[in-house]
Every structure is written in structure tokens, then in C-alpha cells.
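User: Please take a close look at the pairing of charged side chains in this model, and then place that part in the wider picture. I am new to this, so go step by step.

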Amino acid sequence: MHTFLFQYLPYIAGTLFICGVTYRIAAQGNTVQAYSSQFLSNDSLLKWGSNLFHVGIILVFFGHIFGLLAPEWSYDWLITNEQKRQLAIVMGSGAGLITLAGISMLTLRRFTNRNVVANSNFGDYLFVVLIFLQIVTGLMGTVETINSDLDHYMNLDRWAQGLFTFLPGASDYIADASLPHKIHILLGFLLVIIFPFTKLMHMVAIPVRYIIDFFIPRK
């Protein structure tokens with residue numbers, strides 16, 4: 001089961017993401033839009049929550065890209081692996097807490113604002129709860145990184161880079177990873193799978209549609 005979840009599921013999730021995004025853009029382009037709940041209630045929870053969440057999630061995203069996918073040769077001339085771990089702890093904690101504050105406000109608003117509740121569906125609730133849990137488990141994983149040795153941290157990098165290079169047995173690197181890390185990873189795959197079928201599709205569809213229209217103008 002471990003091999004399936006951490007060796008094969010990432011490729012399944014990635015394939016479903018690409019196919020889902022392609023289908024939504026090609027076949028349902030006009031349905032891909034962001035139905036902003038700002039028109040329903042432009043309250044303080046939305047203003048603060050949205051700004052904090054978007055700033056935090058951007059920092060988290062690029063932190064994951066550098067933290068997990070940057071090969072050692074690309075940074076060892078500047079910092080050591082231990083310094084990289086400390087940087088990940090500090091910046092990951094800060095970005096995670098900012099994102100948590102934002103998603104907490106948005107989740108509270110989703111469940112308590114009457115106008116928003118009246119215009120929400122199951123998918124809206126599911127996605128916001130999954131993102132909330134993803135951030136919480138990410139912060140829990142950061143705590144595990146603080147309390148673990150360097151090799152535990154580096155094995156996460158080796159696993160992620162092994163997947164990108166199609167390394168057989170890459171899942172073995174995280175066989176002993178902490179439970180919060182494993183739950184965080186699996187929730188990430190679940191979010192990747194359902195992403196094309198949520199309102200957040202506009203984050204990918206609108207830029208891609210713009211590029212397509214720029215090079216292939218509609219007649």
C-alpha cells in the first residue's frame with residue numbers, strides 16, 4: 001500500500017490533473033470562471049482572509065518548489081543542507097501561519113455567512129476544508145522537521161526528486177516519514193486530483209486561455 005500511495009499515486013494524480021485541466025479548457029472553456037462570493041458579502045473576513053491566504057499560499061508554493069525539488073548541486077555552493085533545513089523551518093512556519101490565518105477566516109465565512117452559505121455547494125465546503133487540513137498538517141510536519149534529524153528532512157527531498165526522475169523505489173525514502181508528513185502529502189495528491197473540477201480552475205484556465213488566444217486569435 002505504501003508503494004502505491006507514494007510511488008504510483010503521484011503519477012496518477014498528475015495525469016488526472018493534466019487531463020482534467022485540458023478537458024475543462026478545451027471542452028468547457030466558457031464554464032471556467034471564478035464565481036466570486038465578494039458579490040454576496042464583501043465583509044472583513046473576506047478582505048483579510050483572501051489577502052492573507054493568497055500571500056501565504058504563494059510563499060508556500062515556491063517554498064515547496066525550492067525546498068523539495070532543488071537538487072543539492074544547485075545550492076550547495078551557497079548554503080549547507082542543515083542551513084537549508086533551518087531556512088525551511090523558519091520560512092515554512094511563517095508562510096504556513098499566514099496561510100492558516102487566511103484560510104481560517106475564509107472557512108469561518110464559508111460556514112457562517114448567510115449569503116455565502118445560501119450560494120455554496122458541497123464542493124465549496126469540501127475544498128475549503130481540505131485546504132485547511134492541508135495547511136494544518138503542513139505545519140505539523142514542520143514541527144516534526146524541527147524535532148527530527150537532517151536525514152529525515154533530506155529523505156523528503158530525495159523522494160520528491162526521485163519521482164521527477166522516475167526513480168524506481170523512490171517511495172522507500174519516506175517509508176519512515178512521520179504521519180503528519182504522509183497525511184500532508186496524500187491530501188496534496190487529493191487536491192491535485194479534484195482541482196480541475198473546482199472553482200479554482202480559473203487560476204490555470206484564464207492564463208492558458210489568454211496565451212492560446214494571443215498566439216491563435218479567435219475568428
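Analyst: D151 forms a salt bridge with R158, and their closest N and O atoms are 2.9 Å apart. This comes from a predicted model. D151 counts as partly exposed, at 42% relative accessibility, and R158 is also partly exposed, with a relative accessible area of 33%. As general background, side chains of opposite charge can pair when their charged atoms come close. The count of salt bridges comes to four.

Another of these pairs is E82 with R85, where the closest N and O atoms are 3.2 Å apart. Both residues lie in helix α3, three residues apart, which is about one turn of the helix. E82 counts as partly exposed, at 29% relative accessibility, whereas R85 has 8% relative accessibility and counts as buried.

R110 forms a salt bridge with D124, with the closest N and O atoms 4.0 Å apart. R110 lies in helix α3 and D124 in helix α5, so this pair ties together parts that are 14 residues apart in sequence. Buried means under 20% relative accessible area. R110, at 18% relative accessibility, therefore counts as buried, and D124, at 11%, counts as buried too.

Now the wider picture. The protein chain has eight helices and zero strands. Buried residues make up 36% of its 219 residues. Among contacts in the chain with a separation of 6 or more, 81% are between residues 24 or more positions apart.

The helices that carry the R110 and D124 pair also take part in the largest nonpolar core. This core has 16 residues, and those with the most contacts inside it are F53, I103, F127, I131, I135, L191 and M201. The elements giving two or more residues to the core are α1 (2-27), α2 (44-69), α3 (81-112), α5 (122-147) and α7. The largest share, six residues, comes from α5. A second, separate core has twelve residues, including F6, A13, L163 and A177.

Helix α2 shows how one element packs. Its buried residues are L46, G49, F53, G56 and G67, and they pack against α3, α5 and α6 (150-164). Leaving aside residues up to four places away in sequence, F53 touches T99, G102, I103, L106, I131 and I135. The 26 residues of α2 should span 38 Å at 1.5 Å a residue, and the end C-alpha atoms are 37 Å apart, which agrees.

Loops matter to the picture as well. F195 is found in the loop between α7 (179-194) and α8 (202-215), and it is buried, with a relative accessible area of 13%. Beyond residues up to four places away in sequence, F195 touches F17, F127, L200, M201 and V204. The C-alpha atoms of F195 and F127 are separated by 8.7 Å, although the two residues are 68 apart along the chain.

F166 is found in the loop between α6 and α7, and at 61% relative accessibility it counts as exposed. Most residues other than glycine have a negative phi. F166 is not a glycine, yet its phi is positive, about 55°.

Last, the surface. M1, F4, Y8, I12 and L16 make a nonpolar surface patch of about 540 Å². L16 sits in helix α1 and is partly exposed, with a relative accessible area of 40%.

Key: Residues are numbered from 1 along each chain as its sequence is written. This is a predicted model: local features need pLDDT of at least 70, side-chain atom pairs count only at pLDDT 80 or more; totals for chains, interfaces and linings use all residues. Side-chain values use heavy atoms; hydrogens and water are left out. Helices (H or I, at least four residues) and strands (E, at least two) are DSSP runs, numbered from the N terminus. Buried means under 20% relative accessible area, exposed over 50%, partly exposed in between (1.4 Å probe, protein chains only). Contact means heavy atoms within 4.5 Å. A nonpolar core is a set of buried Ala, Val, Leu, Ile, Met, Phe, Trp, Tyr and Cys residues joined through side-chain atoms within 4.5 Å. Patches are made of residues with over 30% relative accessible area and no salt bridge: like charges are joined within 9 Å, nonpolar side chains (Val, Leu, Ile, Met, Phe, Trp, Tyr) within 5 Å. Accessible areas come from the Shrake-Rupley method with a 1.4 Å probe; for residues, only the protein chains shown count as cover. A salt bridge is a side-chain nitrogen of Lys or Arg within 4 Å of a carboxyl oxygen of Asp or Glu. The expected span of a helix is 1.5 Å times one less than its number of residues.
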